Amino acid sequence: MKSKLSGAKVTPSQSQELLTFSHKALIFAKQMLGNLSDAEDLVQASVVKVLSHPSAPQGGVDLQKWLYRVVRNGAIDKLRERSRYQTIAETEVITDVSPEHKLENDQLKQRLAAALQQLAPQHREIIVLRDYHQTSYTEIADILAIAKGTVMSRLHRARLALRQILIEQQQIQEVHHETVS
């Protein structure tokens, strides 16, 4: 079978850029899908699309946005396929902390990951792009193909929904502690 990439011509600088963007896209995909293996498969397929698509940008910020958009669309498709259970990957842990602080930090991350998984995919992706990847409103608008104002309003609604989920988790946890003690 002939490779899909046989006609792709990638310069060393494009290759380095694509490698850098792929790493960021992998983190994004992992946060969207909650599974490293699925994220790796998705990013690999997305890179193949970028390299084989004749109208894909050749480099720079446009290439990054294009890759994010391809990964985002693939993640949405994957989420639709499974539509039920996932866990979100943890982010980096601060290592110079006391064991108690590390435990609190881990518990907070687990609560946040569980809350993110309860959000609708369009809310989850916008929070991940803005708050985990520090993507600008303009870049998010380009990636999601929506207006900048829509990005801001959707992000606001997503944060409110996330806050509500965290409050409900806290209330459930407090009731559980009261019944145990």
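Let's start in the middle of things: leaving out residues up to four places away in sequence, Ile-126 touches Ile-140, Leu-144, Val-151, Arg-154, Leu-155 and Ala-158. Touching, or contact, means heavy atoms within 4.5 Å. Before going on, a word on the ground rules: this is a predicted model, where local features need pLDDT of at least 70 and side-chain atom pairs count only at pLDDT 80 or more, while totals for chains, interfaces and linings use all residues. Residues are numbered from 1 along each chain as its sequence is written, and side-chain values use heavy atoms, with hydrogens and water left out.

Now step back to the whole fold. The protein has 7 helices and 0 strands, so you read α-α-α-α-α-α-α along the sequence; these are DSSP runs numbered from the N terminus, with at least four residues (H or I) for a helix and at least two (E) for a strand. There are 181 residues, and 36% of them count as buried. For that label, the relative accessible area has to be under 20%; exposed is over 50%, and partly exposed is in between, with a 1.4 Å probe and protein chains only. The protein exposes about 11200 Å², with 54% of that supplied by carbon and sulfur atoms; the areas come from the Shrake-Rupley method with a 1.4 Å probe, and for residues only the protein chains shown count as cover. Among contacts with a separation of 6 or more, 68% are between residues 24 or more positions apart.

Back to Ile-126, which belongs to the largest nonpolar core. That core has 39 residues, and Leu-67, Val-71, Ile-126 and Ile-127 touch the most other members. H1, H2, H3, H4, H5, helix H6 (137–144) and helix H7 (148–180) each give two or more residues to this core, and H3 has the largest share, with 9 residues. A nonpolar core here is a set of buried Ala, Val, Leu, Ile, Met, Phe, Trp, Tyr and Cys residues joined through side-chain atoms within 4.5 Å.

Follow the chain from its start and you meet H1, residues 12–33. Its 22 residues reach 30 Å from first C-alpha to last, close to the 32 Å expected at 1.5 Å a residue (the expected span is 1.5 Å times one less than the number of residues). The buried residues of H1 include Leu-18, Phe-21, Phe-28 and Met-32, and their cover includes helix H2 (36–52), helix H3 (60–82), helix H4 (99–118) and helix H5 (121–132). Just after H1, Gly-34 takes a positive phi of about 75 degrees.

Phe-28 also takes part in the 1 aromatic pair of the structure. Its ring centre is 5.3 Å from that of Tyr-68 and the planes are at 25 degrees, so the pair is stacked. For reference, rings of Phe, Tyr and Trp (its six-membered ring) pair if their centres lie within 6.5 Å; planes under 30 degrees apart are stacked, over 60 edge-to-face, and the rest tilted. The pair links distant parts of the chain, with Phe-28 in helix H1 and Tyr-68 in helix H3, 40 residues apart. Both rings belong to buried residues: Phe-28 has a relative accessible area of 0%, and Tyr-68 has 4%.

Asp-38 sits in helix H2. Is Asp-38 buried or exposed? It is buried, because its relative accessible area is 19%. Beyond residues up to four places away in sequence, Asp-38 touches Leu-33, Lys-78 and Arg-82.

Over in H5, Pro-121 is partly exposed, at 30% relative accessibility. Setting aside neighbours within four places in sequence, Pro-121 is in contact with Met-32, Ile-76 and Leu-79. The buried residues of H5, including Ile-126 and Ile-127, pack against H1, H3, H4, H6 and H7.

Finally, the loops. Gln-134 lies between H5 and H6, has a positive phi near 50 degrees despite being a residue other than glycine, and is exposed at 59% relative accessibility. In the loop between H6 and H7 comes Ala-145, with a positive phi near 60 degrees; Ala-145 is exposed, with a relative accessible area of 62%.
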